Amino acid sequence: MGFYVLVQPEEDARVEFVEHVQGHPALIISCGGSQITVQSPGRQDGPSLTIAFARQLGDAARLYADRLDGLTRLAPLDFESLAAQVGTTPAEVAERTESRHALRDDVWPDDDNPLVIEAGEQR
């Protein structure tokens with residue numbers, strides 16, 4: 001079973017590399033009392049899978065930081081303007097976020113009401 005994690009960094013957010021036991025490194029992402037730890041799985045191809053994942057994570061994180069830096073270089077983000085660009089009706093949001101996920105916060109998640117639905121899917 002998969003799950004989705006949304007991290008909105010707070011003042012205490014941090015990412016760190018640790019190696020408490022030699023030969024068993026870990027990447028730790030902490031924010032607001034929550035923690036995600038990335039470790040290599042204990043299987044033959046585990047290290048190569050983890051190396052590829054960590055490099056993808058680093059590349060994507062750099063692109064993400066550069067994009068946010070560019071968006072905020074001249075002025076803070078205008079969330080009202082961004083909401084207007086994405087749309088305000090379910091149909092507008094679905095159309096503009098096709099192939100993305102939309103978070104639901106109007107119901108408690110269960111098998112019949114998942115917290116994350118595919119964009120454009122009506123529940």
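Is Val-7 buried, partly exposed or exposed in this model? The structure shown in these views is a predicted model, and in it Val-7 counts as partly exposed, at 39% relative accessibility.

**View 1. Val-7, in the segment before β1, and its contacts further along the chain.**
Val-7 is placed in the segment that comes before strand β1, and, when its neighbours within four places in sequence are left aside, Val-7 is in contact with Cys-31 and Ile-36. The view can also be used to compare positions along the chain with positions in space, since Val-7 and Ser-30 are 23 residues apart in sequence while their C-alpha atoms are 9.2 Å apart. With a relative accessible area of 39%, Val-7 falls between the limits of 20% and 50%, and therefore counts as partly exposed.

**View 2. The open sheet of three strands, in the order β1-β2-β3.**
The three strands of this open sheet pair in the antiparallel sense. Strands β1 (14-18) and β3 (34-38) stand at the edges, and because each has a single partner strand, one side of each is left without a neighbour in the sheet. From one strand to the next, the twist averages 20 degrees. As a guide to following the strands by eye, in a regular strand the side chains alternate between the two faces of the sheet.

**View 3. The pairing of β1 with β2, over five bridges.**
Strand β2, which covers residues 26-31, runs antiparallel to its partner β1. Two pairs of residues help to place the strands against each other: Arg-14 has Ser-30 in β2 as its bridge partner, and Val-18 stands opposite Ala-26, also in β2. Arg-14 is partly exposed, with a relative accessible area of 46%, whereas Ser-30 is buried, with a relative accessible area of 7%.

**View 4. The hairpin formed by β2 and β3.**
Between β2 and β3 the chain passes through two residues, and in this turn Gly-32 has a positive phi of about 55 degrees. The two strands pair in the antiparallel sense over five bridges, and Leu-27 stands opposite Val-38 in β3.

**View 5. Ser-30, a buried residue of strand β2.**
Why does Ser-30 count as buried? Its relative accessible area is 7%, which lies under the limit of 20%, and therefore Ser-30 is classed as buried. When neighbours within four places in sequence are left aside, the residues in contact with Ser-30 are Asp-12, Ala-13, Arg-14 and Gln-35; of these, Arg-14 is also the bridge partner of Ser-30.

**View 6. Thr-50 in helix α1, with its contacts outside the immediate sequence.**
Thr-50 lies in helix α1, which spans residues 46-72. The relative accessibility of Thr-50 is 19%, and because this is under 20%, the residue counts as buried. Its side chain makes a polar contact with the side chain of Ser-40, at 3.4 Å. Beyond the neighbours within four places in sequence, Thr-50 is in contact with Gln-39, Ser-40 and Pro-41.

**View 7. Salt bridges, of which the count comes to four.**
Side chains of opposite charge can pair when their charged atoms come close. One of the salt bridges joins Glu-16 to Arg-14, with the closest N and O atoms 2.9 Å apart; Glu-16 is partly exposed, with a relative accessible area of 27%. Another joins the side chains of Arg-43 and Asp-45, at 2.6 Å from N to O, and here Asp-45 is partly exposed, with a relative accessible area of 31%. A further salt bridge links Arg-62 with Asp-59, their closest N and O atoms being 2.8 Å apart. Both of these residues lie in helix α1, where they are three residues apart, about one turn of the helix, and Asp-59 is partly exposed, with a relative accessible area of 44%.

**View 8. The confidence of the prediction along the protein chain.**
The mean pLDDT of the protein chain is 79, and 67% of the residues score at least 70. Among the elements of the chain, β1 has the highest mean pLDDT, 95, and strand β5 (residues 116-118) the lowest, 51. Where pLDDT is low, the predicted coordinates should not be read in detail.

Definitions and conventions: Residues numbered from 1 in each chain as written. Predicted model: local features only at pLDDT ≥ 70, side-chain atom pairs only at ≥ 80, totals over all residues. Heavy atoms only, no water. Pairing = 2+ DSSP bridges. Helix = DSSP H or I, 4+ residues; strand = E, 2+ residues; numbered from the N terminus. Axes fitted to C-alpha atoms, helices over the stretch in contact; angles between N-to-C directions. Buried < 20%, exposed > 50% of the residue type's maximum accessible area, 1.4 Å probe, protein only. Polar contact = N/O pair within 3.5 Å; in protein donor to acceptor, adjacent residues only side chain to side chain. Contact = heavy atoms within 4.5 Å. pLDDT = per-residue confidence, 0-100.
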